Amino acid sequence: MLLIDSPSQNAYFNIASEEYLLHRFPTEDIFLLYVNAPSIIVGKFQNTLAEINLDYVREKEIKVVRRMSGGGTVYHDLGNLNFSFHTLLGQNDFGDFSFFTQPVLNMLNQLNVPAELKGRNDLLVEGKKFSGNAKLARHGKMIQHGTILLNSEMEVLGEALKVNPLKFIDKAIKSTRSRVTNLISYLPKDTTTDHLKNLLTEEIIKNNPGAERYELTAEDLQNIQQLMAEKYETWDWNFGFSPNYNFKKAIKVPAGFIEVHLEVVQGFIEKAKIFGDFFASKPIEELEEQLIGKKHEISALNELLTSVDLTGYFGKVTLEEVLEGFN
């Protein structure tokens with residue numbers, strides 16, 4: 001088994017590294033640890049916009065990245081340790097999450113933390129979740145990865161994942177918001193993610209005596225960064241990959257009431273309808289037509305709406321007011 005401690009706190013890098021390592025080490029077992037700066041990690045089959053508070057995420061400059069595995073959306077920050085096991089497919093039961101969560105439980109139980117696996121894939125302490133886990137199978141290997149909430153900013157977590165469920169109608173898998181907690185209240189106050197890294201690594205070595213530490217090479221880093229640029233930093237992957245959905249939002253502005261209805265396919269607007277009690281000198285159908293084919297993404301919509309005569313369609317409005325109707 002190779003033990004890898006990521007040198008980066010960039011979520012794009014760390015999620016890309018999981019895919020890269022599948023190709024880099026097609027037969028070796030791997031145990032990867034990483035900590036991300038504030039970021040939201042979205043399950044592969046989820047509608048990103050329906051999982052996040054986009055305005056808050058932009059304001060706080062929180063990265064949003066889609067991972068390879070299914071499951072729900074999670075918030076990461078520097079108070080959250082992430083672990084990832086890579087093994088050959090078939091060595092372990094794909095549906096069993098207990099094998100790779102047991103080292104985490106062993107480590108915490110030795111610290112007198114009453115942690116346990118509950119349900120299919122969650123680790124709880126006194127009924128509250130501190131770790132969610134997900135799996136994927138690809139290229140003959142299996143990855144199981146999970147989180148350990150040590151001292152995460154719960155207020156930011158709550159705001160970043162607070163969404164309006166009425167905006168989106170789709171069949172995408174929705175995250176179930178569980179009662180969550182930090183482990184810091186069960187551990188010495190000076191415990192850090194580095195402490196947990198060391199303890200968890202020791203636990204892994206104890207059960208895998210032949211385990212060796214591996215440091216990513218310059219070539220590894222270059223290849224991961226290339227994968228980041230080509231995939232994990234792109235709108236197409238993080239937002240456009242979302243399942244098809246209908247979007248609806250109503251706003252009240254001084255010029256009147258505006259209600260936006262969109263049908264979005266692979267991140268692009270396929271149908272648009274705008275209703276309201278505003279007074280316009282130009283037919284709103286013209287603007288609806290111009291929306292077709294545009295990304296349902298703020299910069300693309302900002303570029304379009306900046307180029308048109310909004311007062312002709314809505315009366316006395318600002319660009320910011322109209323953009324709000326598409327968020």
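**Close-up 1. What lines the largest cavity of this predicted model.** By class, the lining counts four nonpolar residues, five polar ones and no charged ones (Ala, Val, Leu, Ile, Met, Phe, Trp, Tyr, Cys and Pro are nonpolar; Asp, Glu, Lys and Arg are charged; the others, Gly among them, are polar). The residues in question are Asn 47, Thr 48, Leu 49, Trp 235, Phe 239, Ser 242, Tyr 245, Gly 267 and His 296. The space inside comes to about 40 Å³, and one cavity of 30 Å³ or more turns up in the whole structure. A cavity here is a set of points on a 1 Å grid where a 1.4 Å probe fits but cannot get out, with lining residues having an atom within 4 Å of a point; its volume is the space filled by probe spheres set on the points.

**Close-up 2. The two sides of helix α9, residues 298-306.** Ala 300, Leu 301, Leu 304 and Leu 305 are buried (under 20% relative accessible area with a 1.4 Å probe, protein chains only; exposed is over 50%). Seen down the axis, they fall within an arc of 125°, so they line one face of α9 (the arc uses directions from the helix axis to the C-beta atoms). Glu 303 and Thr 306 sit exposed on the face turned away. Helices are DSSP runs of H or I, at least four residues, and strands are runs of E, at least two.

**Close-up 3. What α9 packs against.** Its buried residues meet β15 (268-276), α8 (284-291), α10 (310-314) and α11 (319-324), with contact meaning heavy atoms within 4.5 Å.

Residues are numbered from 1 along each chain as its sequence is written. Local features need pLDDT of at least 70, side-chain atom pairs count only at pLDDT 80 or more, totals for chains, interfaces and linings use all residues, and side-chain values use heavy atoms, leaving out hydrogens and water.

Key
On a 1 Å grid over the protein atoms alone, a cavity is a set of points where a 1.4 Å probe fits but cannot get out, and a pocket is an open set with protein on both sides within 12 Å along at least five of seven lines; lining residues have an atom within 4 Å of a point.
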